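Please look over the sequence and the model below before reading on. The text afterwards walks through its nonpolar cores, one helix and its aromatic contacts.

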Amino acid sequence: MPAQYPLQRRLEDGRPLLITGPVQSALDDRLHRYREGQLWAVRQGVITAELDTGSWVVPARRIGWIPPGVAHAARVHNAATGCMIYLRPDLCPLFPTTPTVFDMTPLSSALLERIAQWCEQPGELSAPQNRHLDVLFDELKISPAQPLFLPMPSSPHLVGMTLTIVADPADKTSLDDWARRVGMSRRGLTRHFRAETGMSLVQWRIVARMKRAVELLAHGDSVNRVAQRLGYDSVSTFITAFSAQFGATPGTYAL
């Protein structure tokens, strides 16, 4: 791990976990990492994270998992509610070794409410508390959600293209025009972009738009305004695309 991401510690006294909440609107745009694992339980609003490999969105009614040692920067958007739980490293092997998003089921929601009451837990957990954690871990394992992840390419010329699209998701530059801009053939651009991101440029643009959509909605833009800002020809087209990605209409995410 690069030296510019020093390994920070949140649990200083040996306790098994630390609960912080409610989450508040904030921005920490510096990549950092913790020796503990982190659960982000988002009840309303949106949390986004920047990872070394791309951007990650945790919308409402999802639980995000950041393993120990993974560099990330987090943004808690307006009106987001929920909590963050830091887990001692010896508890983390129960979770995936890569960042993951889980659905917040009625059971995991109820368990999180109970666990949030342990915020002053000074030492080891009691037997009933350990059983609560075991049930939560089991529930999360069977509740994976499709994450909204925006991978970044590694080639400098493709990075420049994607940064331009992220800055203006409404940009409608064609694939042929992008190929000319980056000095590649259409076929070469398509092949290299998929090899570096695992997605076609068309798919990538849709995800970039959806990521920006949840951010704009969380900051108070109307559904109509978001559709316009993202370059959709009609509000209904935007609503259809958004619903296909998140399983809910954009109005669900609007303030």
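The paragraphs below start with the cores and end with the rings.

This is a predicted model. Its largest nonpolar core has 35 residues, and the members touching the most others are Met161, Leu189, Phe238, Phe242 and Tyr253. At least two residues of this core come from each of β11, α3, α4, α5, α6, α7 and α8. The largest share, 10 residues, is supplied by α6. Apart from this core there is a second, separate one of 23 residues, which includes Trp65, Cys83, Ile115 and Leu133. In soluble globular proteins, nonpolar side chains tend to be buried together.

Helix α6 is mostly covered, with 14 of its 18 residues buried. At 1.5 Å a residue, α6 should span 26 Å, and its end C-alpha atoms are indeed 26 Å apart. Just after α6, Gly220 has a positive phi of about 105°. Tyr253 reaches several parts of the chain: leaving out residues up to four places away in sequence, its contacts include Val46, Pro59, Arg61, Leu217 and Phe242.

The structure contains 8 aromatic pairs. In one of them, Phe95 and Phe137 meet edge-to-face, 4.8 Å centre to centre with 80° between the planes. Phe95 lies in the loop between β9 and β10 and Phe137 in helix α2, so this pair links parts of the chain 42 residues apart. Both rings belong to buried residues, Phe95 and Phe137.

Tyr232 and Phe238 are both buried as well. Their ring centres are 5.4 Å apart and their planes are at 50°, so the pair is tilted. Together with Phe242 and Phe246, Tyr232 and Phe238 form one aromatic cluster. The charged end of Arg209 sits over the ring of Tyr232, 4.5 Å from its centre.

Key
Residues numbered from 1 in each chain as written. Predicted model: local features only at pLDDT ≥ 70, side-chain atom pairs only at ≥ 80, totals over all residues. Heavy atoms only, no water. Core = buried A, V, L, I, M, F, W, Y, C linked by side-chain atoms within 4.5 Å. Buried < 20%, exposed > 50% of the residue type's maximum accessible area, 1.4 Å probe, protein only. Helix = DSSP H or I, 4+ residues; strand = E, 2+ residues; numbered from the N terminus. Contact = heavy atoms within 4.5 Å. Expected span 1.5 Å × (residues − 1). Phe/Tyr/Trp six-rings, centres within 6.5 Å; stacked < 30°, edge-to-face > 60°. Lys NZ or Arg CZ within 6 Å of the ring centre and 35° of its normal.
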